[in-house]
Amino acid sequence: MNPLEGEAVGGILVAVLTYNRLHDTLACLESVRRLEGPVEAIVALDNGSTDGTPEAIRRAFPEVEVWELGGNLGYAAGNNLALRVAQQQGMEGVFLLNNDTLVDPMCLVAMRETARAAPRVGAVGPLVWAWPPSQGIWALGGEIHWRRAYTTHREAGRAEPSRWEPHPVDFVPGCGILLLREALEAVGGFDERYFMYWEETDWCQRARRAGFSIWVDPRAQMWHKAPMDPEDLSPGALYYMTRNRMLFFREHTRGVRRWLALAHAFHGAIRLARRYERRDQPERAQAIWEGLHDFLHGRWGPREAEAPVGRMGKEVAWPASSG
């Protein structure tokens, strides 16, 4: 029987969002297969891969449910399907993973212990190591710098974390995050205006405003195959980072603080675009200018050239909300 059908089942739903990168996806699922703890079900949310990912997963991992979304719905809408189903089934929480990650077998056990040790925990994240591991820490949670309108991954590049005990943070990077049912019921899912990037920061901030805390547990560990240097970001990533940064600080600041934050964000984006122009990298510069343009004109969701054609779309989406 499909573990996501029928009566409430409890436990944790592990959801891996996939989009091509077949080799990385299979490696990620192999590590997920070894997870200890109350894994009730594992699903692969395929965002329209064109490299045979769904078929390969079914062959190699018959225990994994593959949900083909029919197109690239982005991080927010793709994962919202898993969050919604998990809540409907009365599951304890959802462990969201990107397909370019690897998880330690005890990762979920440690995060669940932290979630149960403190009152009203909304989300828990692990210590994320860079890949290859010689680069050190990728993130130990995140910090929001409100005045100058940017965020940082805490302790990035360090060889070891400065502390090993669980502790609260501003947000947890979305490459690996355990969201708890009580918070999902109060806050809802991801705001789909973001499409990708900043949506987990927005969710954590909404959860904090609703009285939940966000934690990171260094005992829980995973690895992320993603750039550490912003200079390595693709034009697409720069577009979403630019536009969504503006959206986040517009939504979560008020009065004079809002205008100061937006002024800092605008200034930083313009400086970066001009730097790419001087380096003869017009595609990256254009992506930043396009992100600013779309923010000013209220254009959200996927970048125009990346509009999804999925068959699921809005009928499975959480309402867009900023709290």
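Here are a few friendly notes on a predicted model, to help you find your way around its cysteines and some of its helices.

1. Let's start with the cysteines. A search through the whole structure turns up zero disulfides. For Cys107, the closest cysteine sulfur belongs to Cys175 and lies 10 Å away, so the gap is too far for a bond. A disulfide would need the two sulfur atoms within 2.5 Å. Cys107 is also buried, with a relative accessibility of 0%.

2. Cys204 can be read in a similar way. Its closest cysteine sulfur is again in Cys175, here at 12 Å, which is too far for a bond. Cys204 has a relative accessible area of 0% and is therefore buried.

3. Next, have a look at the pair formed by helix α1 (residues 22–33) and helix α2 (residues 53–60). Their axes are 10 Å apart, and the two helices pack at an angle of about 35°. The crossing of α1 and α2 is right-handed. On the α1 side, the contact is made by Leu22, Thr25, Leu26, Leu29 and Arg33, while α2 brings Thr53, Ala56, Ile57 and Ala60. Sorted by character, the residues of this contact are six nonpolar, two polar and one charged.

4. If the spacing of those contact residues catches your eye, a general point may help. An α-helix has 3.6 residues a turn, so residues three or four places apart point the same way.

5. Moving along the chain, you reach helix α8 (residues 255–278). This helix has 24 residues and spans 35 Å from its first C-alpha to its last, close to the 34 Å expected at 1.5 Å a residue. Its buried residues are Ala261, Leu262, Ala265, Ala269, Ala273 and Tyr276. The elements covering them include α7 (235–252) and α9 (282–296). After α8 comes Asp280, which has a positive phi, near 60°.

6. Helix α9 makes a good companion to α8. It has 15 residues and reaches 21 Å from first C-alpha to last, close to the expected 21 Å at 1.5 Å a residue. Among the buried residues of α9 are Ala285, Ala287, Ile288, Leu292 and Phe295. Glu290, Gly291 and Asp294 of α9 are buried too. The cover over the buried residues of α9 includes α7 and α8, just as α9 is part of what covers the buried residues of α8. Following α9 you will find Gly298, whose phi is positive, near 65°.

Technical notes: Residues numbered from 1 in each chain as written. Predicted model: local features only at pLDDT ≥ 70, side-chain atom pairs only at ≥ 80, totals over all residues. Heavy atoms only, no water. Buried < 20%, exposed > 50% of the residue type's maximum accessible area, 1.4 Å probe, protein only. Axes fitted to C-alpha atoms, helices over the stretch in contact; angles between N-to-C directions. Helix = DSSP H or I, 4+ residues; strand = E, 2+ residues; numbered from the N terminus. Left-handed = near helix turned anticlockwise from the far one by under 90°. Contact = heavy atoms within 4.5 Å. Nonpolar A, V, L, I, M, F, W, Y, C, P; charged D, E, K, R; others polar. Expected span 1.5 Å × (residues − 1).
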